[in-house]
Amino acid sequence: MRILFFAGKGGVGKTSVAAATGMACARQGKRTIILSLDVAHSLSDVFDLEKGLLDFNRGEPVRVHDRLWIQELDIQREIEENWGDIHSYLSTLLRTSGLDEILAEELAVLPGMEEVNLLLYINRYVRKETYDVIILDCAPTGESLRFISIPTTLEWYIKKIFKVERTIARYVRPVARRVYDVPIPGEEYFDTIERLFERLRGVDRILTDPGITSVRLVTNPEKIVLKETQRAFMYFCLFGMHIDAVIMNRVLPEAVRDDYFRDWRKNQKRYMETAEAYFSPVPILTVNLFREEILGPEDLALLGEEIYAGRDPLDHFQEGAPLELSKEAGGYRIRIKIPFAAKGDIRLNRISDELVIRLGGYKKHVMLPRSVAAARSARARFEEPYLVIDLGDAEDGKGKG
Ligand SMILES: Nc1ncnc2c1ncn2[C@@H]1O[C@H](COP(=O)(O)OP(=O)(O)OP(=O)(O)O)[C@@H](O)[C@H]1O
Ligand SMILES: [Mg+2]
């Protein structure tokens, strides 16, 4: 069983790379499914499928090649069929004004239905062993980050809030249908959530098991795209997911000598070096810009060969986490494997949301998630072969439980 996530900024080539990888896996004889949440249905477009076929198959897997299926989830249908109670309650809630602040905040953590549905499918396919390989064509970075936080959030919600809320609702409902204008959810709402949680159980372990799940970040050699890729890199690390490759797509081929592209080439070269510094030791697989857009199984097969260049797409390209980011009491801890026996003074420097680590001739930029960047203090020490950095609120004296 193998699960591959393809994530990255909008338009970098996630769908094409996910589809090409799917083709490569299926050609090896693996039963492969590519899942997508994209409402624009670009997955079926890259396979050049007839529209009618998809309308007929609304949201169900469609076979596109030998041993290869694609599934574009139809969230409207999923909600109608599975999550009616939750959905109708939440929409009533959202329409209601004058919501008690705390209650509103707690309820707002209920994660997006689309992502929950995708997780349900993953869990179902893993439990039933329907496929050998599950490939995820993720939404642009922001949304896929929300997606990876769902198992954690849900668990927190169920443990901390759900039970209390249910009890309160039980007591309050007979007395008043509305408290502060907030409609009180019925038992069906709670039952549905409970069933949902049951069906999701275990999916977080699957997603954080490096033996099963790998994240591949798709990016381009451009400044803004790279910046977002670094952020995603940190978030996936924070949620304990394992990144095993960075796919550097749309690199201008050597053959392009046209003077018009001179600056493009120069800058791409520079950003590829930057990327190396950011993502090492995670390997970067480079992919040239094709002569035209990638369309249909033949193009996808070519793209697959270009990405993996004779390697097995199912391999684990990176063993061990290159960087671990964990939440600790009072702050965060970053553990970085130092590539050589670097010694000497460690110098930490913070430039907005980036942490710059200098150690002799070694220099590393680490993009911090927003919540981590807000930390007041940073301390570093060696724990061979790691550099351990503690970021905390030590100086602001606000003890948080
Ligand atoms: N290496 C490449 N060479 C040429 N064209 C490419 C390459 N990679 C992707 N494309 C083209 O770029 C366009 C966008 O690619 P794709 O749809 O795969 O990106 P995406 O990251 O999934 O976008 P979105 O964020 O909108 O889902 C497509 O037309 C695709 O054919
Ligand atoms: Mg896409």
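Here is a quick tour of this structure, from the whole chain down to a few spots worth finding on screen. Keep in mind that this is a predicted model. The chain has 401 residues, and 31% of them count as buried. Along the way you'll pass 15 helices and 17 strands. Of the contacts with a separation of 6 or more, 73% link residues 24 or more positions apart.

**Around ligand 1**

- A good place to start is ligand 1, which has 17 residues around it.
- The ones that come nearest are Gly13, Thr15, Ser16, Phe290 and Glu293.
- Sorted by class, this shell holds 7 polar, 6 nonpolar and 4 charged residues.
- Two elements, helix H1 (14-27) and strand E9 (243-251), each bring at least two residues to the shell.
- H1 makes the largest contribution to the shell, with 3 residues.

**Where H1 meets H14**

- Stay with H1 for a moment, since the helix also packs against helix H14 (residues 296-308).
- Two packed helices are described by the angle between their axes and the distance between the axes.
- For H1 and H14, that angle is about 90° and the axes are 8 Å apart.
- Angles of 65 to 115 degrees count as roughly perpendicular, so H1 and H14 are roughly perpendicular to each other.
- On the H1 side, the contact uses Ser16, Val17, Ala19, Ala20, Thr21, Met23 and Ala24.
- Facing them from H14 are Pro297, Leu300, Ala301, Leu303, Gly304, Ile307 and Tyr308.
- The residues of this contact are 11 nonpolar and 3 polar, with no charged ones.
- Ser16 turns up twice in this tour: this residue of H1 meets H14, and Ser16 is also among the residues that come nearest to ligand 1.

**Aspartate 45**

- Look for aspartate 45 in helix H2 (residues 42-46).
- Is aspartate 45 buried or exposed, or something in between?
- Aspartate 45 has 16 other C-beta atoms within 10 Å, so the residue is partly exposed; buried would take 20 or more, and exposed 12 or fewer.
- The C-alpha atoms of aspartate 45 and glycine 296 are separated by 8.1 Å, although the two residues are 251 residues apart along the chain.

**The hairpin of E3 and E4**

- Strands E3 (residues 62-65) and E4 (residues 68-72) run antiparallel and are joined by 3 bridges.
- Arginine 63 has tryptophan 69, in E4, as its bridge partner.
- Between the two strands of the hairpin there are 2 residues.
- Arginine 67, in this hairpin, takes a positive phi near 60°.

Terms used
Residues numbered from 1 in each chain as written. Chains lettered and ligands numbered in written order. Predicted model: local features only at pLDDT ≥ 70, side-chain atom pairs only at ≥ 80, totals over all residues. Near = placed C-beta within 6 Å. Helix = DSSP H or I, 4+ residues; strand = E, 2+ residues; numbered from the N terminus. Nonpolar A, V, L, I, M, F, W, Y, C, P; charged D, E, K, R; others polar. Axes fitted to C-alpha atoms, helices over the stretch in contact; angles between N-to-C directions. Parallel < 35°, antiparallel > 145°, perpendicular 65-115°, else oblique. Contact = placed C-beta atoms within 7 Å. Pairing = 2+ DSSP bridges.
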